[in-house]
Amino acid sequence: MTRRRRPDGSPRADSLAALIRDEPARLAAACTACGACVHACPMTPGLPSVAEADAGSVVRGVLDLLAGGAGSPEALAWLGACTRSGLCSQACPEQVDMATIMRLTGMRLRGALGDGDPAAPPTPPRLPPRRHDPNWSARVKAFARLTMTEEEQARWL
Ligand code: SF4
């Protein structure tokens, strides 16, 4: 069987377990922290802490969280507001799938990756449940921006 490959020629993971195990280091190594993904994100304009931060450091914070680090408040804000538009991945000049990074990191912070030590005490999730999401309104508007003309946005948002 031929293994599927990414645009950069590297092999794709064969399973979710392999993706969780292998992807963080590969994606972190490919990222140059240029910040293009943050600038392309439709949520960024609605998140002052992210919009005013250095975009590269926001991404580095996300990668740190994915690796199990403390990240940064801006990285947590960006993650919590992600609408899975996928525009971050499209914007990346290095073909890094930032949308996958965001998804894996969000899963890790919600304790949903299932790759921790089963004997370790559970750690509380570090992202709020979606029903308590303080960025809910901004997320709805971001979805709307993706479907409306500029005239409609000016009128309704
Ligand atoms: S656009 Fe790509 S290379 Fe630039 S910060 Fe985002 S993931 Fe990293």
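These are my notebook entries on a predicted model of a protein chain with a ligand.

**Ground rules**

I number residues from 1 along each chain, as its sequence is written. Since I am reading a predicted model, I accept local features only at pLDDT of at least 70 and side-chain atom pairs only at pLDDT 80 or more, while totals for chains, interfaces and linings use all residues.

**Confidence**

I looked up pLDDT, the predictor's confidence in each residue, from 0 to 100. The protein chain averages 80, and 74% of its residues score at least 70. Which elements have the lowest and the highest mean pLDDT? I found α8 at the bottom with 69 and α2 at the top with 97.

**Overall layout**

I took helices (H or I, at least four residues) and strands (E, at least two) as DSSP runs, numbered from the N terminus. The protein chain has nine helices and zero strands, so I read its pattern as α-α-α-α-α-α-α-α-α.

For burial I counted other C-beta atoms within 10 Å of a residue's own, with C-beta atoms placed from the backbone: 20 or more is buried, 12 or fewer is exposed, and in between is partly exposed. By that count, 26% of the 157 residues are buried.

For contacts I asked that two C-beta atoms, placed from the backbone, lie within 7 Å. Among contacts between residues at least 6 apart in sequence, 57% join residues at least 24 apart.

**Around the ligand**

Next I listed the residues near the ligand, meaning that the C-beta atom, placed from the backbone, lies within 6 Å of it. There are 14 of them, and Cys31, Cys34, Ala36, Cys37 and Cys92 come nearest. Helices α2 (36–40) and α4 (55–66) are the elements that give two or more residues to this shell.

I then sorted the shell by type: Ala, Val, Leu, Ile, Met, Phe, Trp, Tyr, Cys and Pro are nonpolar, Asp, Glu, Lys and Arg are charged, and the others, Gly among them, are polar. The shell came out as 10 nonpolar, three polar and one charged.

**The core**

My rule for a nonpolar core was a set of buried Ala, Val, Leu, Ile, Met, Phe, Trp, Tyr and Cys residues joined through C-beta atoms within 7 Å. The largest one holds 31 residues, of which Cys37, Val38, Val58, Val62, Trp78 and Leu79 touch the most other members. Helices α2, α4, α5 and α7 each supply at least two residues of this core, and α4 gives the largest share with seven.

I noted a general tendency here: in soluble globular proteins, nonpolar side chains tend to be buried together.

**Helix α4**

I checked the length of α4 against its expected span, 1.5 Å times one less than its number of residues. Its 12 residues should span 16 Å, and I found the end C-alpha atoms 17 Å apart, which agrees. Its buried residues are Ala55, Val58, Val59, Gly61, Val62, Leu63, Leu65 and Leu66. Just after α4 comes Gly68, with a positive phi near 100 degrees.

**Helix α5**

How many of the eight residues of α5 (73–80) are buried? I counted seven, so this helix is mostly covered. They are Glu74, Ala75, Leu76, Ala77, Trp78, Leu79 and Gly80, and they pack against α2, α3 (48–51), α4 and α7 (98–109). I looked at Trp78 separately: leaving aside neighbours within four places in sequence, Trp78 is in contact with Val38, Leu47, Val50, Val58 and Val62.

**Residues in loops**

I looked for unusual phi values, given that most residues other than glycine have a negative phi. Arg84 has a positive phi of about 60 degrees and sits in the loop between α5 and α6 (87–91). Arg84 counts as exposed because it has 11 C-beta neighbours inside 10 Å. Gln95, in the loop between α6 and α7, also shows a positive phi, near 60 degrees. With 12 C-beta neighbours inside 10 Å, Gln95 counts as exposed.

Pro42 is in the loop between α2 and α3, partly exposed with 19 other C-beta atoms within 10 Å. I found Pro42 and Ala142 5.7 Å apart in space, C-alpha to C-alpha, though 100 residues apart in sequence. Not counting residues up to four places away, Pro42 touches Thr83, Ser85, Leu87, Ala142, Arg145 and Leu146.

Last, I checked Met148, in the loop between α8 (136–147) and α9 (150–156). Met148 is partly exposed, with 15 other C-beta atoms within 10 Å, and it touches Gln153 and Trp156, not counting residues up to four places away in sequence.
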